[in-house]
Structures are given as C-alpha cells and as structure tokens.
Amino acid sequence: MKVVDHIKQAKGKTLFSFEIIPPKKGNSIQELYKNIDPLMEFNPPFVDVTTSREEYIYIDKGNGLLDKRITRMRPGTVGICASLMHKYKLDAIPHIICGGFTKEETEYVLVDCHYLGLDNVMALRGDSMSHQKYFKATKGGNLYAKDLVEQIQDLNCGKYLHDVVEADYKYNFCVGVAGYPEKHQEAPSLNSDLKRLKEKVDAGAEYVVTQMFFDNQKYFDFVDAARSMGVNVPIIPGIKPIAVKRHLQVLPQVFNIDLPEELILAVEGCKDNKAVRQVGIEFAIKQSKELLANNVPVLHYYSMGKSSNIKTIAKAIF
Ligand code: FAD
C-alpha cells in the first residue's frame, strides 16, 4: 500500500515508522531481524531501507603496494525490502539514489521493485563520494533527485528508457523525496532549497521525509514555508535520538543542522555514553510528544542500525 494511503487510512492518527541501514556485507540478515523485531509491537505500516554509495577500499597486495578497488559495503536494499515485507507484512521502502547508478541500472532496480510488489520508493540524489568535494553525476545517471522522480514517473506512465517498448501497462509507484528544515548544505538559501523541493513535488513526489532536526520550531516553520509555496503533500518529520557524545560534532557537520543549547549542555554533562543515550531518549520523547500534539502524519525515526533507544521512545509515545 502507498505511504499516502496509509496516512489517509489513519484519519489523523500519527503513525510510527523508522529507517534502517542494510548490514555490512558478510553479515546475516538475522542480526537485522533481531534488531527490528522489538519495534514491531508499535505496528509500523512502513519502514525505509537506505542505499549507500559505492566507496573506495584499499587492498594490501603484500608487496608494499595497495590495490584501489571500488565496492559497495552495504548492498542488498531491495532484497532486504522484499524480505521485510514477507516477514513482517508491512510496506518496505527502498531508497533509490542517483549517485553511482546509470539510468539503465535505475530502471532495472525499479523493475525489480515492481515485480517484488514494492509500492513506494524514496527518490534521492545521494551524497558525493568521500573523496569528492561536490556531487558529480555518474556518467549516464541522474544529476538531481528531481530527474530521478521524473524517471520514476515515466515508468508510472508506461514510458521506458529509449522508448524500446510500447507499454500499456503502467507502474504505480508512490514516490517520497527528502526535505531539509535547516536547508540542504549545498543550497544557497532555504528559500531556494524550498523551490527545489517544490520542483520535486511538481515532478510527481507524493510525500516528503525531512532530514533530522532537534528544534521542532524549525520543522513547523519549514512546513509553513513549504505550504505557502504550494507544497501540499504530507511532510513527515525525521527524528534522530542522540546516542553518543561524538554526535555533538558529527551530526552538525554531516547533516548541516544545529543542536539546541539545552541538548548540548545535557550531553556535555554526561559522564559516559550510557548517560548520553538516556539524554538522547528523553530529548526525543519530548520532541516527539510536541510533534504528536501538532498532529504530524508520521513520526519517522532514524535508527542507524540500533533499535533499543527507538523502542523506549516508541513505548512512551504510541
Ligand atoms: P536534491 O533534491 O537533488 O538536492 C540536492 C541539492 O541540489 C540541494 O542543495 C538542492 O537545493 C540543489 N538542487 C536541486 N535541484 C537543482 C537544480 N536544478 N539546480 C541547482 N541546484 C539544485 N543518501 C544516501 O546516499 N542514501 C540514502 O538512503 C539516503 N536517505 C536519505 C533519507 C532522507 C529522509 C534524507 C533527508 C536524506 C537521505 N540521504 C540519503 C541523503 C541525501 O542523499 C543527501 O542529503 C543529498 O546530498 C541530497 O539529496 P536530495 O535527494 O535531497 O537531492
């Protein structure tokens, strides 16, 4: 079922969902199940599975030289989605990214998604590779998320790449895209980033999931600004509980977000990461309660592979 239909069916009740990252290759999917089993009692109607970019690895050749190879350390997004759907009877949403894929490869992934019965996909540009300063489109790939949304909408109209087939049969993917309450780091202004968001929605995106934020007012202002620009699709807030002291540096740097003074002081006052985790849980509960009181359609949690804190938060909210 489509995310937008889950939201409609809920008739104003806030839903619970979360995002997971595929395990590093070489690991069993049982670990993933063990991690998300405890969250199933909160009935997530859908969960997201990320896709990571390819990366360079260096293999020691044993003669003092290193071999530079490109690889994907966390493959299997679509396979994981299919297995989650099968095991938990929920909708699983693969993240489809522009970076590292040609349009043909993207088309094949979308064909797989369709055959597997996945009704939703999240269309993202992806970040630059770690050695690149700026995002560069893969040769023959999409440059912006909007281009990817257009490619998916073409399939929804029965239009394949290069017009190689005439298809009466049309796909019916519901497409989600990313939104940034504190602006995407490359955007010259929040207003210009919002215009880009509007372009993605005009191209066919049916809902937005936000980057993590720690100040609810920024989300409320973002939703107001998006609405005044004509973005009328559901805007799902993304919430990340702080879990380790290092997050104080890493999260603002990687995600271009501010942390509230109150949270910084509380984390700095912790004697170890166990205490930080508790502070993160309490802060996320407070944040979630306020969002819930403001009737957000879904509370979407970034689990980053660990679920025990999400479980405690969900227990306090749902
Ligand atoms: P876009 O919407 O294409 O925007 C990228 C930048 O380009 C923005 O600054 C925008 O303002 C600008 N822009 C857009 N169109 C134009 C144009 N025509 N001309 C000039 N500038 C333009 N990354 C992953 O690798 N894997 C994931 O699974 C993943 N999941 C995510 C889930 C969520 C909910 C979020 C919020 C992010 C996720 N990301 C993921 C990170 C995301 O890929 C990065 O933030 C990326 O840098 C931007 O992606 P986007 O889809 O927002 O890009």
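**Exercise 1. Overall form.** What radius of gyration does the protein have with its 318 residues, and what would a compact globule have?

*Solution.* This is a predicted model, in which local features need pLDDT of at least 70, side-chain atom pairs count only at pLDDT 80 or more, and totals for chains, interfaces and linings use all residues. Residues are numbered from 1 along each chain as its sequence is written, and side-chain values use heavy atoms, with hydrogens and water left out.

Step 1. Take the rule: 2.2 Å times the number of residues to the power 0.38, with the radius of gyration taken over C-alpha atoms.
Step 2. For 318 residues, a compact globule would have a radius near 20 Å. The protein has 20 Å, so the two agree.
Step 3. Add the dimensions. The C-alpha trace spans about 65 × 60 × 45 Å along its principal axes.
Step 4. Add the burial. Of the 318 residues, 50% count as buried (under 20% relative accessible area; exposed is over 50%, partly exposed in between; 1.4 Å probe, protein chains only).
Step 5. Count the elements. There are 11 helices and 10 strands (DSSP runs numbered from the N terminus: helices are H or I with at least four residues, strands are E with at least two).

**Exercise 2. Salt bridges.** Find how many salt bridges the rule gives, then place three pairs and a network.

*Solution.* Step 1. Apply the rule: a side-chain nitrogen of Lys or Arg within 4 Å of a carboxyl oxygen of Asp or Glu. The count comes to 15 salt bridges.
Step 2. Take Asp 163 and Lys 159. Their side chains form a salt bridge at 3.9 Å, N to O. Asp 163 is exposed, because its relative accessibility is 53%. Lys 159 is partly exposed at 41%.
Step 3. Take Asp 258 and Lys 218. The closest N and O atoms of this salt bridge are 3.6 Å apart. Asp 258 sits in the loop between helix H8 (247-255) and helix H9 (261-268), and Lys 218 in helix H7; the pair links distant parts of the chain, 40 residues apart. Both residues are partly exposed, Asp 258 with 49% and Lys 218 with 26%.
Step 4. Take Glu 262 and Lys 286. In this salt bridge the closest N and O atoms are 2.7 Å apart. Glu 262 is in helix H9 and Lys 286 in helix H10 (residues 273-293), so the pair ties together parts that are 24 residues apart in sequence. Glu 262 is partly exposed at 46%.
Step 5. Find the network. Salt bridges link Arg 53, Glu 54 and Arg 72.

**Exercise 3. Surface patches.** Which residues make the nonpolar surface patch, and which strands supply at least two residues each?

*Solution.* Step 1. Select residues with over 30% relative accessible area and no salt bridge; join like charges within 9 Å, and nonpolar side chains (Val, Leu, Ile, Met, Phe, Trp, Tyr) within 5 Å. Areas come from the Shrake-Rupley method with a 1.4 Å probe; for residues, only the protein chains shown count as cover.
Step 2. Tyr 56, Tyr 58, Leu 66 and Ile 70 make a nonpolar patch of about 420 Å². Strand E3 (55-60) and strand E4 (66-71) each supply at least two of its residues. Tyr 58 lies in strand E3.
Step 3. Turn to charge. Asp and Glu count as negative, Lys and Arg as positive; His and the chain ends are not counted. Each charge is placed at NZ of Lys, CZ of Arg, CG of Asp or CD of Glu. Asp 215, Asp 221, Asp 224 and Glu 290 form a negative patch.
Step 4. Locate Asp 215. This residue lies in the loop between strand E8 (207-212) and helix H7 (216-228). Asp 215 is partly exposed, with a relative accessible area of 31%.
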